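Hi,

Here is the structure I promised to pass on. My notes follow below it, so please have a look at both when you get a moment.

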Protein chains: 2
Amino acid sequence: MSEPTAAHEELEEAHAQIKNGIADTMDIYGVNRSVGQLYATLYLSDEPMTLDQLRDELGMSKGSMSLGVRKLLDEKIIHRVYRKGERKDLYQAEQDFFQFFISFFTRRWEREKNVNLHAIKQAQPRYKKIMEDTTAPDSVREEATYQYNKINESLQYYRFLDILVEEFEEGDLAQRLLEKHEAKKKEGS
Amino acid sequence: MSEPTAAHEELEEAHAQIKNGIADTMDIYGVNRSVGQLYATLYLSDEPMTLDQLRDELGMSKGSMSLGVRKLLDEKIIHRVYRKGERKDLYQAEQDFFQFFISFFTRRWEREKNVNLHAIKQAQPRYKKIMEDTTAPDSVREEATYQYNKINESLQYYRFLDILVEEFEEGDLAQRLLEKHEAKKKEGS
DNA sequence: CCGTTTGTTTAAAACAAATTAAACATTATG
DNA sequence: CATAATGTTTAATTTGTTTTAAACAAACGG
């Protein structure tokens with residue numbers, strides 16, 4: 001380690017500010033701040049890092065690092081990289097925030113869609129059955145009809161989520177939106 | 001209360017399934033399940049509900065209901081409604097999932113943008129200062145330059161978040177995407 | 001093989017978040 | 001104005017989540 005110069009301290013402080021911003025961001029989306037810092041540390045590092053380096057940098061246990069790294073790998077916002085002659089696993093942050101955004105949100109939007117379509121698939125037949133049950137009280141049948149129709153309308157929303165995922169993953173929606181707005185800006189000037 | 005007929009029980013079960021799906025969804029996005037159930041209950045109710053009704057329905061304390069309802073109001077995914085002759089406050093769920101999506105995510109994307117632009121505004125001058133400090137060690141200056149440039153590139157991403165918010169809030173992006181895909185489907189058939 | 005290094009799992013502890021009941025504040029009404 | 005009804009805040013409790021240290025398992029190199 002080199003002696004800590006003034007410039008070096010300044011660098012560390014700048015790093016800390018960026019890291020905090022990233023950790024806050026993860027927090028906004030319900031990701032544990034420690035995991036956020038883990039990502040931020042990797043993001044700021046120009047080299048891939050090992051579990052031990054992360055442990056030293058963050059001052060936490062190796063077990064925590066192992067868990068945190070796995071979460072981030074699952075989210076596909078960090079990657080395992082290989083380097084010949086290196087025994088330890090190396091991790092590298094996804095550096096492209098657009099890719100981060102896409103991995104992070106499409107995964108969630110898809111889960112949302114699946115969870116709710118599954119629920120709907122189970123509930124719809126029940127509502128239907130009540131609607132067609134002439135022995136059921138009118139109020140109950142009306143209620144069932146109301147819900148049945150409401151759910152049917154909601155299907156449009158899950159279709160939208162599906163499109164959104166596709167457009168981001170394959171359709172390059174992010175880039176298109178940016179370009180469109182660049183064009184508008186030029187036009188307006 | 002009417003006697004619980006078979007049809008009525010069936011209705012309750014269907015409701016429970018839909019509610020679970022919604023609560024799971026909120027959970028995905030880091031919102032407390034109880035608050036999720038609160039929203040789900042209001043969503044399924046054809047009438048606006050009072051705190052007491054929610055307390056009875058969910059079997060929780062009034063204090064919890066008060067807190068949960070405030071969170072949902074802050075998120076703008078439920079609304080307070082007024083009815084003449086009613087002393088208690090009445091709450092109604094946003095029924096349009098598109099509107100839910102827009103309220104929920106644009107708020108978060110904006111926070112993300114603000115938090116990070118704030119951090120960047122603080123960190124950038126520090127990196128700059130190091131870059132221009134001829135007394136600083138080369139390795140430190142290189143590192144500062146590297147980060148400075150990386151951050152500059154990231155600004156594009158926050159511009160994207162901004163556009164996304166605008167497009168959803170004002171530009172009707174959701175509807176446009178749906179229509180575009182409807183058209184594609186017809187064309188393909 | 002054997003010892004060492006590395007990463008993972010686990011059970012316990014520390015910590016944080018949610019929940020409650022009760023006190024408090026506010027508002028409405030007669 | 002006094003009372004009752006309603007909603008909010010608070011402090012204590014409960015519950016759930018994170019974190020750790022240590023045990024364990026797997027892989028590696030000699």
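What area is buried between chain B and chain A, and what part of it do carbon and sulfur atoms give? This is a predicted model, and in it the buried area comes to about 6300 Å², with carbon and sulfur atoms giving 65%. The contact involves 69 residues of chain B and 69 residues of chain A.

On the polar side, eight salt bridges cross the interface of chain B and chain A. One of the salt bridges pairs A:Lys180 with B:Glu167, where the closest N and O atoms are 3.0 Å apart. Between the two chains, 25 residue pairs are in polar contact. On the side of chain B that touches chain A, the elements giving two or more residues are α1 (6-28), α2 (33-44), α5 (97-132), α6 (138-169) and α7 (173-188). Of these, α6(B) gives the most, with 19 residues. By class, that side of chain B has 37 nonpolar, 15 polar and 17 charged residues.

Now to the DNA. Strand D is surrounded by 14 residues, and A:Ser34, B:Lys62, B:Ser66, B:Arg70 and B:Asp89 are the closest. Of the strand D atoms that come within 4 Å of the protein, 82% belong to sugar and phosphate. B:Ser66 places a polar side-chain atom 2.7 Å from a phosphate oxygen of strand D, and a polar backbone atom of B:Asp89 is 2.6 Å from a phosphate oxygen. B:Lys62 has a side-chain N or O atom 2.7 Å from a base nitrogen of strand D. Helix α4 (residues 62-74) of chain B gives the largest share of the surface near strand D, four residues.

Best wishes

Conventions
Residues numbered from 1 in each chain as written. Chains lettered and ligands numbered in written order. Predicted model: local features only at pLDDT ≥ 70, side-chain atom pairs only at ≥ 80, totals over all residues. Heavy atoms only, no water. Contact = heavy atoms within 4.5 Å. Buried area = accessible area lost by both parts, 1.4 Å probe. Salt bridge = Lys/Arg side-chain N within 4 Å of Asp/Glu carboxyl O. Polar contact = N/O pair within 3.5 Å; in protein donor to acceptor, adjacent residues only side chain to side chain. Nonpolar A, V, L, I, M, F, W, Y, C, P; charged D, E, K, R; others polar. Near = heavy atom within 4 Å.
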